[in-house]
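Okay, thanks for squeezing me in. I'll put the model up and then walk through a few local features, ring contacts and backbone oddities mostly.

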Amino acid sequence: MRVPVPLAMAHRLLNHGPTALVTTAHGGRRNVMAAAWVMPIDFDPPRFAAVVAADTFTRELLVAAGGCALHAPLSTQADLTYAVGSCSGRDGDKFDRLGLACDPGTAGAAPLLHGCAAWLECRRLPEPANEERYDLFVLECVAAWADDALWRDGGWHFPAVGPHTIHHERGGRFFRTGEPLTAARPPRQTMAPNDSSAKLK
């Protein structure tokens with residue numbers, strides 16, 4: 001079930017670097033694409049950077065609508081993720097062609113796909129120079145949700161056996177998000193005021 005995530009924690013939904021799905025809609029048209037290069041860049045308000053190539057239908061709708069929705073697909077959706085990243089929405093509605101179920105967005109026009117681990121509705125913060133030169137869009141999250149079977153106490157809890165988020169390497173080859181590993185907290189260090197190593201902080 002989709003449950004709300006506080007915006008102060010929204011960056012955690014994609015902080016582990018999964019492949020994302022980007023949905024957009026404007027003027028009666030809609031689209032979904034896969035994006036490997038999406039990452040959080042700020043906490044409060046939560047902001048993300050996403051690379052959306054100049055020739056994509058998603059970019060056309062994103063600019064026209066002023067926003068989009070980011071999703072974290074699951075390993076059960078690897079085929080779907082590869083499919084939506086391998087064809088253009090200009091050739092026909094991908095939702096209809098692939099039988100994708102979705103709900104209307106709550107904060108914008110972009111639809112929310114069923115079956116994902118996370119959903120983030122975002123508005124575009126126009127940065128024309130970065131968009132033109134690097135295809136890099138800055139997005140501010142205005143609403144966020146996660147699958148309550150996988151998210152609790154402010155973090156991901158993927159089962160040993162079951163769905164995980166995915167990471168794209170190349171040509172339809174993905175890795176599943178792996179086993180969590182918690183590093184030991186480093187010991188506190190006392191340094192003299194003129195200790196040059198203090199500058200490394």
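Let me start with a bit of vocabulary: when I say that two strands pair, I mean that DSSP finds at least two bridges between them. And keep in mind that this is a predicted model.

So, with that in hand, look at strand E13, residues 166–170, and strand E14, residues 173–176. They pair in the antiparallel sense, over four bridges. Arg170 stands opposite Arg173 in E14, so there's an arginine facing an arginine across the pairing. The hairpin that E13 and E14 make has two residues between the strands, and Gly171 takes a positive phi there, near 45°.

Next, the aromatics. How many aromatic pairs does a search of the whole structure find? It's two. One of them is Trp151 with Trp156, edge-to-face, 5.2 Å centre to centre with 80° between the planes. Then Trp156 also goes with Phe158: here the ring centres are 5.3 Å apart and the planes are at 15°, so this pair is stacked. Put together, Trp151, Trp156 and Phe158 form one aromatic cluster.

Are those rings buried or exposed? The cut-off for buried is under 20% relative accessible area. Trp151 comes out at 8%, so it counts as buried. Trp156 has 17% and is buried too, and Phe158, with 19%, is also buried.

While we're on rings, have a look at Arg2. Which rings does its charged end sit over? One is the ring of Trp119, with the charged end 5.4 Å from the centre. The other is the ring of Trp145, at 5.5 Å from the centre.

Last bit, the backbone. As background, most residues other than glycine have a negative phi, and most peptide bonds are trans. Here are some exceptions.

Asp44 and Pro45 are joined by a cis peptide bond, with omega about 0°. You'll find Pro45 in the loop between strand E4 (38–42) and strand E5 (47–51).

Then there are two aspartates with positive phi. Asp135 has phi near 60°, and it's in the loop between helix H4 (128–134) and strand E10 (136–147). Asp153 has phi near 55°, in the loop between strand E11 (151–152) and strand E12 (155–156). With a relative accessible area of 76%, Asp153 is exposed, whereas Trp151, from that aromatic cluster, is buried at 8%.

That's my tour, happy to rotate the model if anyone wants another look.

Key
Residues are numbered from 1 along each chain as its sequence is written. This is a predicted model: local features need pLDDT of at least 70, side-chain atom pairs count only at pLDDT 80 or more; totals for chains, interfaces and linings use all residues. Side-chain values use heavy atoms; hydrogens and water are left out. Rings of Phe, Tyr and Trp (its six-membered ring) pair if their centres lie within 6.5 Å; planes under 30 degrees apart count as stacked, over 60 as edge-to-face and the rest as tilted. Buried means under 20% relative accessible area, exposed over 50%, partly exposed in between (1.4 Å probe, protein chains only). A charge sits over a ring if NZ of Lys or CZ of Arg is within 6 Å of the ring centre and within 35 degrees of the ring normal.
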